[in-house]
Amino acid sequence: MDILIQNLLNALQWGSFYALIALGYTLVYGVLLLINFAHGDVFMVGAYIAFFVATFFLGFVDLSPWLTLALTVPLTMLLTAGVGVTLERVAYRPLRRKGAHRLYVVITALMCGLMLENSNLALLGASRKKFPELLDKVIYTWGNVSVTNLKLIVIFTAIAVFILLEFIVTRTKIGMAMRGISYDKFAIPLMGIPIDNVIVFTFVLGSGMAGLAGLLFAMSYPILEPYMGALIGWKAFIAAVVGGIGDIRGAFLGGFLLGFIEVGVVALFPSTYRDLFAFSILLMILWIKPTGIFGVAKTTKI
Amino acid sequence: MQKYSFNFGIWGMALIVIALSQFGALDLYIQSVIMFIGINVILSSSLNVVNGYMGEFSCGHAGFMCVGAYVSSILSVIFFSQNAIFGAPILPPELAIIGFPIVVIISGLVAGLTGLIVAIPSFKTRGDYLAIITIAANYMVISAIENVDVIGGSRGFMGMRKVVNAMTDVIDLPWMMIWVILGTYMSIWMIRRFVSSTYGKGIMAVSQDEVAAEIMSVNTNKMKMAAFMLSSGLAGVAGALFAHVLGYVNPQSFNIMKSTECLVMVYLGGMGSMGGAVLSAILFTVMLELLRFIIPAIDTGLHIINVLPDSYHLSQVWKWVLIPLTLILLMQFRPEGLMGNKELPKLFPGLKKFYKFK
């Protein structure tokens, strides 16, 4: 029983990371119908930005860890959002303006991700970075179940972000515009909605959340390396697809589902089988129900 | 004359290359570059069947290459060489010359069957989602092989060098060069024959409009299956040759980076152009090899004029920044690639006088 609860908590933590990144995928897809393959690497960039910001404040300015954390969270989110928006401005928007085939945009996204990864590796070298400790570790124990404060923070952040995004998308005017763009991209500018601003806002939201996920991930697993974003990005993408890409509830649910599946696999099989199972599940779901749990099937017009 | 000039040219060139490497006029490095050009030509032209002619987006080509590489390596080591894992060879190593092409063909068939894990979902799924399925297939293949400890898992697998040496012991010829040239020629011939046949034209019909193709009595599911299996099967052949040229395989050398290389080659040449795929494979391989020398040269140059700090050196990783950048720029400024979907004689009508290629 204790082991079950312990694994449940681990699964919730992993699920939170997946959900936070999957939200970014799903937001962009919901608006642009573009799979932003660079998103996993934006997450990695977020973790590195958090590292540089935190070491700067701790080392050079000499602030206390608490104050550093309070400054790192908004700065990381802001700077990572900047990276996401730059990608949109430099790579995706010119293609959109030209009306290029969607395939070309997808290839560009994939290549942007590879470029982020490898330029990071080329600039910073292969040595891994150690993330400084910002939070005093507190372990709460009930019986045989123990949980760190960080784990609780991660889980609660994911839930809070979900509620915030759900609120933005369903209750605010800009959220309405976002939904409108995904519905009909050509009618929306005629309604006087600045389409580019809404798209930039979408990228800000998605990349900001990826930055937050990067910071939390770096705090939980304090070793940073350039390729950390690739696999976790793919998995988060699986989560988004499983939930039905384009739907925020789907991304959230899919993230937690994938977390449970992975922790379950690791509990039962050798841990090297984790990726095999994750990708096989993706394949099965795309094969049987390509639209995911919450997705709506689109009819093809002739 | 014009009917035969192409074949004469190709075989003449092949004979010259083989003769030069036989008598040691080409050093081993240039020989290996030529062999990699051949392998890359197979890869890019086979990916061109799916990404170019059929208009789908498959980005897990390296996964099938991995299947071919492993199947062929294991078979040839079991049959033709003494190995710590599999024990004594089943057949005498002298038979390797006859056995090797059979092994390559078998590995191509197995890779083609593996292509089914992408082909069958492709009946229902198209576009972006199919792209994801192919990437997932790539990861699945790698991660499955990494989990089989008998063949080395993530440490890789070797022992193919002995098989190649066994071939040279019987008749002293640059065997791998011969096999690569033969494989390249046969693959291109097969693709060309398939795509220009009445049956194969269905692939292009699928790319134009699936519904219309279905109405025109093209069996789209069968067409997709044929295209995916042909493409992945030839990727398997390329993998088999690759494994024996290197003499060592590792699952991680067939990861998404390798798939990206294949993609760059296809989109650089132009989707749906055989000549483009071949040309871009040659260009790309030569460019990659040149970067090996250019990057250190730039590095020393920048250090001399004191632009870079002393502690920082430009490494070969920059190659991996430049390759995606090439593709990004290509997508922005010339998305149809070097040759579009045209063949060489169409771009340069003067060439028609000199050769004919079927």
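Q: What phi does Gly270(B) take just after H12(B)?
A: A positive one, about 115°. Keep in mind that this is a predicted model, where local features need pLDDT of at least 70, side-chain atom pairs count only at pLDDT 80 or more, and totals for chains, interfaces and linings use all residues. Residues are numbered from 1 along each chain as its sequence is written, with chains lettered from A and ligands numbered from 1 in the order in which they are written.

Q: Is helix H12 of chain B buried or exposed?
A: Buried means 20 or more other C-beta atoms, placed from the backbone, within 10 Å of a residue's own. Here 13 of the 14 residues of H12(B) are buried, so the helix is largely enclosed by the rest of the structure.

Q: How do I read a pair of packed helices, say H10(A) and H6(B)?
A: Two packed helices are described by the angle between their axes and the distance between the axes. The axes of H10(A), residues 274–288, and H6(B), residues 127–146, come within 9 Å and cross at roughly 150°. Angles over 145 degrees count as roughly antiparallel, and H10(A) and H6(B) are therefore roughly antiparallel to each other.

Q: Which residues make the contact of H10(A) with H6(B)?
A: Contact means C-beta atoms, placed from the backbone, within 7 Å. Among them are Phe279(A) and Leu283(A) of H10(A), and Ile133(B) and Tyr139(B) of H6(B). By class, the contact residues of this pair divide into 12 nonpolar, two polar and one charged.

Notes: Axes are lines fitted to C-alpha atoms, for helices over the stretch in contact, and angles run from 0 to 180 degrees between N-to-C directions. Helices (H or I, at least four residues) and strands (E, at least two) are DSSP runs, numbered from the N terminus. Angles under 35 degrees count as roughly parallel, over 145 as roughly antiparallel, 65 to 115 as roughly perpendicular and the rest as oblique. Two residues are in contact if their C-beta atoms, placed from the backbone, lie within 7 Å. Ala, Val, Leu, Ile, Met, Phe, Trp, Tyr, Cys and Pro count as nonpolar, Asp, Glu, Lys and Arg as charged, and the others, Gly among them, as polar. A residue is buried if 20 or more other C-beta atoms lie within 10 Å of its own, exposed if 12 or fewer, and partly exposed in between; C-beta atoms are placed from the backbone.
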